[in-house]
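Dear colleague,

I am passing on the structure below, together with some notes on what turned up when I went through it. Please read the notes with the coordinates open beside you.

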Amino acid sequence: MIGRLRGTLLEKQPPWLVVDVGGVGYELEASMTTLLALPESGEELALYTHLSVRDDAHLLYGFAREQERSLFRALIKVNGIGPKLALAILSGMDEDAFIRCVMDDDIKSLTRLPGVGRKTAERLVIEMRDRFPHWQADPQDAVDSVGATPGQPAAKEPLADAEAALISLGYKSTEASRMLSGLEGEGSTEAIIKAALVRRMAG
């Protein structure tokens with residue numbers, strides 16, 4: 001099991017990134033929460049990881065914080081929640097926001113996430129209540145894990161890249177386009193995606 005990687009960030013194309021560790025490039029998929037915390041390409045970083053072994057592929061997922069990985073692992077134990085949907089949930093809200101939704105029975109906020117209908121939201125509330133790891137938020141955790149000040153690398157087509165990333169997270173093409181409407185001036189791909197997700201969760 002690969003539990004943690006430390007190396008150089010080679011490439012970042014949401015929701016994917018490539019980390020060079022001793023000359024080997026590891027391709028990982030990550031939530032937008034983690035991607036927004038990453039340094040610029042060429043910088044050193046460390047990520048907590050989860051390896052998913054399937055018959056047709058070995059998939060590696062990266063997380064800036066150990067508690068995000070803990071929540072990811074708890075989510076994929078819920079009936080009907082796979083790694084892709086778990087990442088979409090973590091991209092739409094951080095750990096603390098998700099916990100608040102579950103503890104407050106906030107079905108409405110959960111159904112704003114891609115792929116989460118009312119029945120799935122209700123299942124999340126029921127099954128996740130007793131699965132939360134007992135953690136305390138540690139702001140230093142993300143800094144230590146990522147290892148550098150977040151940057152905003154230039155992107156040739158940030159709006160197109162943002163749309164592709166939202167679709168990969170589970171949003172339909174028309175919905176992604178609507179979420180991105182008017183966000184051309186937000187800057188980097190990551191900044192555009194963050195603004196789109198904030199707009200979506202605000203209703």
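How many salt bridges does the structure hold? The structure, which is a predicted model, holds five salt bridges, and I describe some of them here before turning to the helices.

One of them joins Arg65 to Glu95, with the closest N and O atoms 2.6 Å apart. Arg65 lies in the loop between β5 and α2, whereas Glu95 belongs to helix α4 (residues 95-103), so the pair ties together parts that are 30 residues apart in sequence. Both partners, Arg65 and Glu95, are buried, and for Arg65 the assignment follows from a relative accessible area of 13%, because buried means under 20%. The side chains of Arg65 and Glu95 also count as making a polar contact, at 2.6 Å.

A second pair sits within one helix: Arg69 forms a salt bridge with Glu66, with 3.7 Å between the closest N and O atoms, and both residues lie in helix α2, three residues apart, which is about one turn of the helix. Here the partners are not alike in burial, since Arg69 is buried, at a relative accessible area of 9%, while Glu66 is partly exposed, at 38%.

The side chains of Arg129 and Asp105 also meet in a salt bridge, at 2.3 Å from N to O. Arg129 is in the loop between α6 (118-128) and α7 (139-146), and Asp105 is in the loop between α4 and α5 (107-110), so this pair ties together parts that are 24 residues apart in sequence. Arg129 counts as partly exposed, at 33% relative accessibility, and Asp105 is likewise partly exposed, with a relative accessible area of 42%.

As for the helices, eight of the 10 residues of α3 (residues 83-92) are buried, so this helix is largely enclosed by the rest of the structure. Among the buried residues of α3 are Leu85, Leu87, Ile89 and Leu90, and Ser91 and Gly92 belong to the buried set as well.

Further along the chain, helix α9 (residues 173-180) packs against helix α10 (residues 189-201) at an angle of about 100 degrees, with the axes 9 Å apart, which means that α9 is roughly perpendicular to α10. On the α9 side the contact involves Glu175, Arg178, Met179 and Leu180, and these meet Ile192, Ala196, Leu197, Arg199 and Arg200 in α10. By class, this contact of α9 with α10 has five nonpolar and four charged residues, and no polar ones.

With best regards

Definitions and conventions:
Residues are numbered from 1 along each chain as its sequence is written. This is a predicted model: local features need pLDDT of at least 70, side-chain atom pairs count only at pLDDT 80 or more; totals for chains, interfaces and linings use all residues. Side-chain values use heavy atoms; hydrogens and water are left out. Axes are lines fitted to C-alpha atoms, for helices over the stretch in contact, and angles run from 0 to 180 degrees between N-to-C directions. Helices (H or I, at least four residues) and strands (E, at least two) are DSSP runs, numbered from the N terminus. Angles under 35 degrees count as roughly parallel, over 145 as roughly antiparallel, 65 to 115 as roughly perpendicular and the rest as oblique. Contact means heavy atoms within 4.5 Å. Ala, Val, Leu, Ile, Met, Phe, Trp, Tyr, Cys and Pro count as nonpolar, Asp, Glu, Lys and Arg as charged, and the others, Gly among them, as polar. Buried means under 20% relative accessible area, exposed over 50%, partly exposed in between (1.4 Å probe, protein chains only). A polar contact is a pair of N or O atoms within 3.5 Å; within protein, one must be able to donate a hydrogen and the other to accept it, and residues adjacent in sequence count only if both atoms are side-chain atoms. A salt bridge is a side-chain nitrogen of Lys or Arg within 4 Å of a carboxyl oxygen of Asp or Glu.
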